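Colleague: I would like a close look at a single part of this model, taken slowly enough for a first-year student to follow. Please describe one strand together with its neighbours.

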Amino acid sequence: MSSTLDALTDWVDQVATHTKPERIVWCDGSDAENQALVEMMLANGELVSLNAKTHPNCYLHRSDPDDVARVEHLTFVCTQEQADAGPNNHWMDPAKAHALMDELFAGCMANRTLYVVPYCMGPIDSPMARLGVELTDSPYVVANMRLMTRMGQAALARIEAEGHFVKGLHSTGELDPDRRYIMHFPEELSIMSFGSGYGGNALLGKKCHALRIASYQARNEGWLAEHMLIVGIENPQGEVRYIAGAFPSACGKTNLAMLIPPQVYREEGWKVWTVGDDICWLHPGDDGRLYAINPEAGFFGVAPGTSAGTNPNALAMLDQDTIFTNVAVTEDDQPWWEGLDDRSPQKDWQGRDFDPANGPAAHPNSRFTVSMKRCPSYSDQAENPNGVPIDAIVFGGRRAHLAPLVMEAHDWVHGVLVGAAMASETTAAATGEVGVVRRDPMAMKPFCGYHFADYWQHWLGVGAQLTHPPKIFQVNWFRRDDEGRFIWPGFGDNMRVLEWILDRCAEKVAAKETPVGAVPTQGAIRVSDLAESPDMDTLLTIDPEAWAEELIAVEGFLSEYGDRVPKLLIERLQAVKKGLS
Ligand code: OXD
Ligand code: MN
């Protein structure tokens with residue numbers, strides 16, 4: 001019987017025969033290997049050096065201007081049955097998708113190196129972690145995968161021991177948007193990505209594996225793969241409680257994951273610990289609770305808006321060992337982006353002399369890639385192989401009206417409905433129009449690898465199994481007043497809302513019950529120390545008429561998913577509607 005390594009070598013050989021690389025390099029993840037790759041990329045211009053005094057070991061990558069974001073319209077889930085991919089995914093017949101990709105990959109690595117990148121998603125010794133191998137012709141991808149995953153020798157050893165891994169094949173091709181596809185084959189546990197070097201399309205461990213393929217695997221295996229941050233809140237007594245939160249792309253997950261509590265909280269001894277900022281794998285534990293690991297080892301965060309004011313922890317970690325993509329630079333070669341500070345950039349993200357007439361200096365979706373270990377609030381539990389127990393799940397969206405600052409679902413089933421009804425305005429993380437409201441259930445619209453209705457059913461099933469399920473909440477930091485200004489200060493002050501959430505979990509505070517959920521009573525959210533008190537009445541009011549309309553819209557949205565939508569969810573929606581009338 002051949003070993004896993006033989007199976008891996010056979011696959012590498014097959015790919016090499018088809019793609020014709022000049023050479024094959026098996027990556028071990030070592031510093032020496034990384035250094036050699038960086039030097040090569042500096043020499044060929046794929047990376048640009050930044051100021052070595054202020055930003056040692058930091059580099060800038062300028063991508064092709066047409067390759068700056070995920071491409072949802074070119075991202076496919078290829079299941080045998082179209083119905084299994086669901087209306088939430090673009091579907092292609094697997095045979096057709098393979099034929100198309102085989103044609104694109106034929107000979108595409110001529111004069112290039114094929115890198116074999118073994119990686120582990122999750123702490124290397126965690127039973128919840130999963131393995132993968134990405135074959136890629138992009139050294140930029142290799143350098144990023146090294147920061148974003150546990151990559152190299154240790155992962156290869158675990159693959160050999162375990163015998164399973166997700167196969168990911170990637171080539172930047174010619175970066176031609178007309179020859180670009182991101183294909184997922186959940187039934188084969190494989191991914192093929194051609195024509196893009198952008199993180200979400202090319203770092204296959206992230207969205208492709210840890211969300212689309214993993215969500216499919218998780219359903220078969222009884223767990224959840226979610227687009228969530230994981231944050232630990234330590235109270236003055238030294239107890240740490242963990243919250244997982246789903247927010248659509250670019251709604252501040254990274255900021256929330258590393259928030260710095262307001263001064264009064266800090267003085268009392270509150271602390272915040274970062275476990276993850278984007279992806280969370282949730283497993284039911286033997287004690288009936290839900291345990292979370294972050295499958296990633298790094299942050300691939302949005303740079304614009306990150307500043308000493310909005311996210312000092314992020315800023316502190318970005319002055320060393322970071323790869324920047326599509327940011328601007330100052331005259332002394334420091335990375336710069338809109339919202340950072342009031343210096344003026346010299347070169348824009350395309351390397352041109354900065355001219356405001358060309359638009360923002362940094363691309364709105366410019367990114368930093370950095371190891372989690374560089375984060376000052378990095379949790380000492382982030383590497384815990386058993387994960388962290390979750391007390392609360394938070395669903396957030398970006399809504400100018402309607403949704404209150406915070407609201408607690410009646411129970412798990414209602415929480416699943418709240419998650420399924422999530423809506424937000426679109427952002428720059430995906431190509432397409434910005435600012436349009438769209439439904440984004442559990443913030444998984446672009447990432448769920450199977451039919452949403454089956455996914456909601458799976459959520460209900462996981463909840464039914466838990467004797468101590470987390471409580472589920474909805475939050476909205478983005479409510480606006482009549483002049484269009486944000487009412488809630490957000491950022492570090494979100495701590496005030498997290499405190500209420502944890503108090504509810506510990507059954508320490510009462511709440512005001514409404515048909516759509518329980519909201520804080522007057523004065524329950526601490527704001528008295530704020531220089532300017534926000535309009536809490538508006539932030540916490542439930543408008544029954546507007547909610548009745550919202551529920552009709554939600555009902556319409558759910559009906560797009562047909563007969564497979566769980567009856568329990570529809571019944572609950574009807575019950576909430578009835579409560580409002
Ligand atoms: C991301 C995204 O890059 O959600 O995390 O788009
Ligand atoms: Mn994300």
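**A strand and its partners**

Modeller: In this predicted model, strand β7 pairs with strand β9 (residues 166–171) in the parallel sense, and five bridges join the two. Within that pairing, Leu-135 stands opposite Leu-169 of β9. Strand β7 also has a partner in strand β6 (residues 113–121), to which it is joined by seven bridges, and here the two strands run antiparallel. One of the positions to look for is Pro-118, whose bridge partner in β7 is Val-133.

With the partners in place, we can turn to how far the strand is covered. Strand β7 spans residues 130–136, and seven of its seven residues are buried, where buried means a relative accessible area under 20%. In a regular strand the side chains alternate between the two faces of the sheet, so it is worth taking the faces in turn. On one side of β7 are Arg-130, Gly-132, Glu-134 and Thr-136, while Leu-131, Val-133 and Leu-135 are on the other, and both of these sets are buried. Val-133, the bridge partner of Pro-118, and Leu-135, which stands opposite Leu-169 in β9, are therefore both on the side of β7 that carries Leu-131, and that face is covered, as is the face with Arg-130.

How values were computed: Residues are numbered from 1 along each chain as its sequence is written. Chains are lettered from A and ligands numbered from 1 in the order in which they are written. This is a predicted model: local features need pLDDT of at least 70, side-chain atom pairs count only at pLDDT 80 or more; totals for chains, interfaces and linings use all residues. Side-chain values use heavy atoms; hydrogens and water are left out. Buried means under 20% relative accessible area, exposed over 50%, partly exposed in between (1.4 Å probe, protein chains only). Helices (H or I, at least four residues) and strands (E, at least two) are DSSP runs, numbered from the N terminus. Two strands pair if DSSP finds at least two bridges between them.
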